[in-house]
Structure formats: structure tokens, C-alpha cells
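Colleague: I've got a few labels here that I'd like to see justified. Can you pull up the model and go through them with me?

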Amino acid sequence: ISPAESFVFETEAPYVLHLDRLPKKLRTDIEDLQTRKRKPKHAHCVRLKGEFPFHCHVHTHMKGGMIGIVRVLQELWLTDDLLHELQQHIGVNIDDGLNTCPDVDAARCKKHGEGEWVDVAGDPGVTMMHSALMPNTDEVLFFGYDTLLPNGNEYSHTWDYQTGTYAPTANQLDDLTPGGFMQWSMWSAGHAFTDTPEGHLLVNGGFRNDLRKAYLFDPSTRSWATAASTANLRFYPTTITLADGTVMTMYGSGSKNHEIFTPDGGAGSWAAPVPWPAALNHHEFYPWTWLLPDGRLFVAGPHDPTHRVVLANPANNEVFATVNGSRSTIGEKGSAVMLTLRPPEYRPRIIIMGGNPPAAQSTAEIIDLADAAPAWSSLPDLNVARPRQFTATLLPDGRVMLAGGVTGDDGGPVEIYDPSDPGAGWVQGPVMNRERIYHSSLILLADGAVLAGGDPKTNGVPNEHELYRPGYMDQPRPTIANAPPAMTFGGTIQVDSPEAAFISEVVLMRPGAVTHGYNMSQRSVECVISAGGAGSISVDAPPDGNIAPPGWYLLHLIDGNRVPSVGRWIRLRS
């Protein structure tokens, strides 16, 4: 029943089986068996089950959840032959004694698997090796090379997902750092969003002669500026935003430490490097790392074992061995994701999947770090082996989407895992139109679609992008009529929506920053709905930056059918 209202009705429960609607002989045989005082030895009492929907007559109320089921039980004496004949004529359900409600598949009308892939028109210009969703805009920033190096160039472009327009950014890094590609390359850099009004993207490291360089991209002006350089070399680093809005970069190249960047409206500054203990130095290239709700970090791979670490003192760490060992023999194969953090516990659950070692290619495993004794455990296997770079994308409804990492004539099928239905495993969806392997990326857009692009190239130049449209994009979707531009930790905002009475969840999705199968910025946090009404709901912000680091997020309303609205940009602040 919808939380908005309830109703009371009186009814006469119908019979499960209407004997007068059966063929005459079958009806007569069943009636005769019921009236006999002495039942045949081969007859037994069967409890039949019937389910009948009831609903409010207002169709918008029914769509919003004002619908229920009356379950009716009816006992009949039947022989096996009569029961078989009933099944052949009309089909009957035998009661299993469980008082459970049937699941409803909102995408049950899809014949080819949930969702679809559609090509994106136009020439991307450069390979989508790196991609980032630009806060408070309708654009994706992406960068890579235009043709095969060393003769090609590496530039940054944007794609406007409202107009479908590709364009180079307002300036390029060779405008800031002369001397050619090897002086400023962002290839294989790290990136994270800073807590600024503009939502600057910090990009550091990469593939250049001096791997200490860093840059800031301003989404509001679509332009680059030089940031302060790191102390250490950073090729394939992990860079993430912390609870206080600073940004940490770790590992990469041969550096076995981390540095913290503080934005100041200009070039910013980096604190002195903090070394990590030798026992953690098997982590090197793009370690999959998340800020946990208790303020610690978790390094989930790709190499084994994994670690929970106190950032101020990395020597203070815990070790967790994975089920299937390392996910990568070298570099950063496989992918990983942290599931939506949900109140009140905000349990951090992390999934790792795929990779190039044979033992890992088709496997996935999960760890719940809120357990008293956390340990990795196996999930159902993937449908196809994914030994190359692919990307795990967290959807607004809390499911995990996998795509890429498969070689062949196409890119292989989408696979989707629903944490609320773990027994279903990884459900296959439609096949991607093109391979997406090394130097590719996938990123969630504001409307809930996922953009895919990158290698391999066609005739040596970047190939077309494509969009995955999940099944919820074909469903009636809730809408946000109005929401404030900002919210503060622990504060409450009002969100207006015509579907307010039918909203079951509100989530904040941090914009992604993706490369080499790892989304460094991806994060989803459910907010508490503290009050509801016919046209608006009150939404409580997350309590602190450990749960949701400050900065820009997409606010999504999700209805009772788990269909998300298009996201609305909102800034979360102290």
C-alpha cells in the first residue's frame, strides 16, 4: 500500500476453482469425489491457491502502488489423474504453505533482455580512454589520442548528451605546457572532483616525461588550468576525494605513498608524501580504493590480499584475502564497485569481478565491511569471461552493470547484478555493438543511461560511441519539479515532485571519473525521506563527508517500481 493513504473494503472471497466452468465430465467426477463419505485410497486432499488483485479505482493511485492481492485457499479431494486433468484444462496453483508475495518484473515485456544499445552519431575526435561527467552541465569530458602514437595527438573533447554535440574543450594542455605531447600527456592519469562551486576535476600523473604534473578542468568554462605538481611520479595512480573535500592520490609508477591536495581557488597545494608499509606494496597501478563511512580506506585490489587502512597511519591496516586470488597478473585488469550506502547503517559492501588470471575471469566476490569479521565470499559467476579491461557501473536503482572486456565480433552482453535479489546472479542483457577493452571507458549519465566509448580503434582512429539504455528508461518515470541547488550535511531539503506520494527512495550519485575499468569517483548514497506529502517530500542529507564526500551529486527520486528519475545536480556541503 502506498504510504500516502490507505483504504478499507469488504468483499466476498471468490472460490479458487469454479466447478461450473469445467467440462461436464470433469466437473461431475470432482463433485462426486467431494460428496463421498469414503474416499478412494488413491485420492488425497489438495489445497489450491488463487490470487486476486484489488486496487483503488483511480488509475494514478494504482500506478503508484495502491494495489494489493487477496490470496484464497480452497481444499478439494482429488486423485492424481483428476489433478493432472485440471492442470491440462485450466492450470491450478497448489499452496506451498508460504505466505510470500510474488515478485513483479517491471521489464517483463522485454523480449531480448533488459535495455538496449544505441549508437551515438558523430565523430568523437579522440579515444574515450578517460571520461568524467561534468557537474552542473550536460557534458561528458573525455580524453585520449586521436590516431596511433607517436604520430597522433592527445586532446580533450566534450560530448553534450542533450544536443548530441561533440566539441574540443576551450583550451588544450599544450596551451599551458608547450613542448608537445610528452610534456603534458594525461594518458593513464588519475582524476577526482574537488569541492568547489564549479566542481573542478583534478587530473594528475599520466604518460609524460614529468609524471608529477597536475591540471584542473573547470566545467563552467570548459577550460584547463595548471595545478601544483606532486612530489612523486604518478603513472596509473588512484585519486579520490576525501571527507573534508581534499583529494588524495596514491601509488602509481614506483611511488609507495600518498599525497593530499588542498584546493584554494588557484593552483592548490600538495602535502608531503606519507609512505605506506612494505606489506602493502603489491598495490601499484590504479588500486581500487574507497573511502569508508568510518573514515578508513579500503583497497579492494586488483591484487591479493586486500586491505582496510587508517589513512593517517597506513601501518595500521587489516588484511583480507580474496577467494579467487589476484584479479590481475600485471596492471589493472578486472573491475570493482561499492554498492549503494543505505541508512541507518551505511554498510560498505564492495564487489570485485573478472580479471585476467584464469581463476578470476568469470568470478565475482563480495565483502561486507560492517560485519564483525569481514571476509570475501563468492557471488554467482559471470555469464561470460571478462579477462580484459571492462567497467562496473552503479545504476541509480542500486544495481551493478557490467559491459566490455570481451573480444570478438561484438562487445559481448551486458550483465546486471541486483543486490536485492542475489539469487538471480548476473542477468544477461543485450549485446554491445563494439568491443570495449583496453583504453575504453563507460560512464553513467544524468538520465540513467550509460555512455561507452574507446578502443579498439577502426582503421587506426577512434570508433563511434554507444549508449546503453536500461529497461527503466522505457517505464513511466518520476520527475523532479523543483529542488534546491545545495544541501548541508545533516540538513533537510524539500523536493517537489508530482509523483511525491509514490517515491520510495532518494539517492545521491556522485559523478563518475573513469579509466582502465575503474571509476575513481563513483559513489551512491541513499538519503532518508523524513516526511512526505501529495506534491513534495522532505529529504535528509547524509550526516557527514565520510559517507558522502562534499561536492556535486546527482539527486535521483526512485518510485515503488524502482524506476529512477532523471538526476538533478545538487551540491553537498558542510
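Colleague: What makes the pair of side chains Thr241 and Arg510 a polar contact?

Modeller: Bear in mind that this is a predicted model. The side chains of Thr241 and Arg510 come to 3.4 Å, and the cut-off for a pair of N or O atoms is within 3.5 Å, so the pair counts as a polar contact.

Colleague: Which backbone oxygen does the side chain of Thr241 reach?

Modeller: That of Phe193, at 2.6 Å. Phe193 is also on the contact list of Thr241, along with others including Ala192, Leu291 and Pro549.

Colleague: Why is Thr241 called buried?

Modeller: Its relative accessibility is 8%, and buried means under 20%, so Thr241 qualifies. As for its place, Thr241 sits in strand β13, residues 238-241.

Colleague: How do you know that the side chains alternate along strand β34?

Modeller: Look at which way they point: Ile493 and Val495 go to one face and are buried, whereas Thr492, Gln494 and Asp496 go to the other and are not. That fits the general rule, because side chains in a regular strand alternate between the two faces of the sheet.

Colleague: What makes β34 and β39 a pair?

Modeller: Five bridges join them, and pairing takes at least two, so they pair. The two strands run antiparallel, and Ile493 has Val539 as its bridge partner in β39.

Colleague: Which residues touch the most other members of the largest nonpolar core?

Modeller: Trp276, Phe298, Ile350 and Val495, out of 54 residues. Apart from that core lies another, of 37 residues, with Trp159 and Trp569 among them.

Methods: Residues numbered from 1 in each chain as written. Predicted model: local features only at pLDDT ≥ 70, side-chain atom pairs only at ≥ 80, totals over all residues. Heavy atoms only, no water. Core = buried A, V, L, I, M, F, W, Y, C linked by side-chain atoms within 4.5 Å. Buried < 20%, exposed > 50% of the residue type's maximum accessible area, 1.4 Å probe, protein only. Helix = DSSP H or I, 4+ residues; strand = E, 2+ residues; numbered from the N terminus. Polar contact = N/O pair within 3.5 Å; in protein donor to acceptor, adjacent residues only side chain to side chain. Contact = heavy atoms within 4.5 Å. Lists of a residue's contacts leave out its neighbours within four places in sequence.
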